[in-house]
Every structure is written in C-alpha cells, then in structure tokens.
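Here are a few friendly notes to go with your look at this structure. They are numbered so that you can reply point by point.

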Amino acid sequence: MTNKNLIDLEAMSVQQIDKLVKKAKKIMQSPADYRHACDGKILATLFYEPSTRTQMSFQTAMLKLGGRTIGFDNPMNSSVSKGENLKDTIAVISGYSDIIAIRHPTEGTAMAASLYSEVPVINCGDGGHLHPTQTLTDIVTLSCEKGRLDHLKIGVCGDLLNGRTVHSLIKALSKYEGNSFVLISTPELSVPIYIIDILEKNHCAYEISHNLADAVRDLDMLYMTRIQRERFGSEEEYQAQKNVFVLDKEKLDNAREDMIILHPLPRVNEITVEIDDDPRALYFKQAQYGMFGRMALILLLLQDEEFMLSARDTFISDYRCNNPKCITQSEKYLPRLSYEKLGMQMCDFCDKRID
Ligand code: NCD
C-alpha cells in the first residue's frame, strides 16, 4: 500500500490542488519539456465500465510524458470473465505497472483496489460515487478560463443523485472561499444527503432549484450533466427523468455573457447542439484541459516525493455495509473498514452510513 492513491479529492489539500493546477499550466506552456519525464514508466488502465475521455486522456497523458500503457477496457477479455476477484487482479497488475487508473461500476472499488496495490491507484469513477480526476479537469478549466476557483456562483444541473462528477466537484469546490451552489434537478434526482452535509460543514451557501431557465440568470459557471441511465432500477424511471432539463438557446439568453458552460461529457440531449458555437460553451476545451491535468497528476504521484495524500482514520466495524451498490457486497473478503462522522459509522468504501 502507498499513500499516493487518489480515491477521493478529500485527500488533497487546497494547496495540493493549486500545485497540480500550476503544474498543468506549466505543461501546457511548454509540453516539450515533459516529453521524457516518465520514460520507462507504465500506466495500467483497468476500465470495467465504458469510457472515452477518461481512459484516452490518461493514456495520452502517459504517452506524452514518454511512458507506456497497458490495460483493458472490457473486463470480459481479461481473467475477470473467469471469476478472478479484484484483489488478485490488482495484486498482479501492480507488479507490472508503476501506476493504476481504474474505473468500475461499483461504489468503493478504487478504494478496495488501493488496499492490494503496491503502486498508486487513481479512481476514474466508482459507480455513482466519485470521479476525482474529472473534478481536476473541471478545476484546471475553471482556473484557466475564469482565473479563480473562489467566489464563484456555480450551477449544477441534471442527475445530481447518480452523477459522480457532481459529487466530486461539489466536495472540492466547497473548500474554496465564497463559492455558492445552485442545485438544479428534479426532486427524485437531488444530491445525496452526504453532499448537503459537506456543503453545510464548509459553510457554503446553496439553493435548490427545479427551474433551469430561472436558475441560469446569475451564474459564473453552469455544469450540465446527463441523466445516468445505467444507474436506474428500471427503464420507466429513466424515461420519467430524461429531457427534463435541456439547455437551449432560449434559456441561455437569460445567462450572463461571462458565464461558462461545462459538461463532463458524454452529452445526450441536455445541451442542444446549437449551443456548441456559443463562446460560453467550453465542454470540448474542458476535455483537452483534462489531459494536461492528468499529466500533472501522474507527475506529482510518480515523481514528487513531498506529494503525499492524506488518509482518514479508519477502524474495523462490527457491522457490514448494507448499501447494495457497495463493493463490499460482492468482494466478501474486504475488511469492514469504516470511519466516524458526527457520531455515526460510515463505510470507508462507499461513504454510506453503516450502523
Ligand atoms: C462522466 C463519468 O463517467 O462519470 N464522464 C467522464 O468521465 N467524462 C460523466 C458521465 O458518464 O455522464
């Protein structure tokens, strides 16, 4: 085990995030200086769930640093299809590579993987839980395009319940002074309660809105997200939620000229194609910033001796997590790791209450 795993951005201080953003900007300015920075190093990308940007931007990031990549994007082509458990896969891959980037449909998988890895593990999305490197992408974009990460009014819209990008984004930006949030969703898809707890703990102002046309009026940034079809219990539930919030030209007319529109992508219908030509639409540029953010992250994890990520205090609970979406349900050998929050026992893998 190493203390260089990026599972949750909670492990990074504001100073460390700022250091990463600075590094990403340096790489953007003179990419040639970094062409051999990771010569001889190997990145393993283990994607148990579909991906375009996260996987390819990680691979491109490593190639641009002079390193190489191994991995799979369809676990059915690996020994996972023969029933190999996560622990064994990670123990083997960590002997082949210098750093592992993993995505999985089950909450807490990256955290579980980090217990059995000798090399840094990066969470590239664990079910509907977290997606820290998308947030680093968003933060690099904000810093380059708005010039600051604080005193921003941020609207987040769409599937706030299942959208892991939103959870990581709110967790990170609520640490910066003066940021406020407008949470735009249907009541069924509002943010999980633990995200509201974080906003309150960090004394962040927030409003709940069910009306995108109104909410858009006074924002510095609008973060649109798709409805996460694959995380619904039934197709009917998804059908009832899709296309409720669509950003079109008419609604955008209500927004400020300097508001920026971000989206982690993929877009389904929530932003009409006509918006793409609006100078406020930055989602394609954002995907490119993500590659530089990931280059910076790889460098800091592999080369900066001082760049240590903090781990929270945990203990072994008497109880088992009963969140059906948690990795502890399927990988039974995992220890019942938990931590305490406001007198409650929380699962260290999925952050849900267990007692
Ligand atoms: C997001 C994800 O996988 O959570 N995509 C991405 O990484 N850019 C968003 C999504 O799938 O909706």
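1. A good place to begin is Pro266, which is found in the loop between strand 9 (260–262) and helix 11 (283–303). Please keep in mind throughout that this is a predicted model. The peptide bond that joins Leu265 and Pro266 is cis, with omega at about 10°. Both Leu265 and Pro266 also belong to the set of residues around the ligand, so do have a look at that stretch of the loop on your screen.

2. Which residues surround the ligand? The list runs Arg53, Thr54, Arg103, His131, Gln134, Arg164, Thr165, Arg226, Gln228, Pro264, Leu265 and Pro266. Sorted by class, this shell holds 3 nonpolar, 5 polar and 4 charged residues. Pro264, Leu265 and Pro266 count as the nonpolar ones, while the charged ones are Arg53, Arg103, Arg164 and Arg226.

3. Three side chains deserve a closer look for their polar contacts with the ligand. His131 places a polar side-chain atom 2.7 Å from a ligand oxygen atom, and for Arg226 the distance from a polar side-chain atom to an oxygen atom of the ligand is 2.7 Å. In Thr54, an N or O atom of the side chain is 2.9 Å from an oxygen atom of the ligand. As for cover, the ligand has 310 Å² of accessible area on its own, and the protein covers 94% of that.

4. In which pocket does the ligand sit? It occupies the second largest pocket. Helix 2 (53–64) and helix 6 (164–173) are the elements that give two or more residues to the shell around the ligand.

5. The second largest pocket itself contains about 440 Å³ of space. It is lined by 21 residues, and those closest to its centre are Arg103, Arg164, Arg226, Leu265 and Pro266. Helix 2 and helix 6 turn up here too, as the elements that give two or more residues to this lining. By class, the lining has 4 nonpolar, 10 polar and 7 charged residues.

6. How much space lies in the largest pocket? The value is about 780 Å³. Its lining counts 33 residues, with Asp8, Glu10, Ala311, Arg312 and Asp348 nearest the centre. Elements that each supply at least two residues of this lining include helix 4 (109–114), helix 7 (193–201) and strand 11 (337–341). The lining divides into 14 nonpolar, 8 polar and 11 charged residues. The ligand, to repeat, sits in the second largest pocket.

7. Turning to enclosed space, there are 3 cavities of 30 Å³ or more in the structure. The largest cavity has a volume of about 120 Å³. Among its 14 lining residues, Ile227, Lys242, Asn243, Phe245 and Glu270 are the closest to its centre. The lining of this cavity has 6 nonpolar, 5 polar and 3 charged residues.

8. One last backbone detail to check concerns His151. This residue has a positive phi of about 50°, although it is not a glycine. Where does His151 lie? You will find it in the loop between helix 5 (132–146) and strand 5 (153–157).

Note on methods:
Residues numbered from 1 in each chain as written. Predicted model: local features only at pLDDT ≥ 70, side-chain atom pairs only at ≥ 80, totals over all residues. Heavy atoms only, no water. Near = heavy atom within 4 Å. Polar contact = N/O pair within 3.5 Å; in protein donor to acceptor, adjacent residues only side chain to side chain. Areas by Shrake-Rupley, 256 points an atom, 1.4 Å probe, with all protein chains shown as cover. 1 Å grid on protein atoms, 1.4 Å probe; cavity = no way out; pocket = protein on both sides within 12 Å on 5 of 7 lines; lining within 4 Å. Sits in = over half its atoms within 2 Å of the grid points. Helix = DSSP H or I, 4+ residues; strand = E, 2+ residues; numbered from the N terminus. Points joined across faces, edges and corners; volume = space filled by probe spheres on them.
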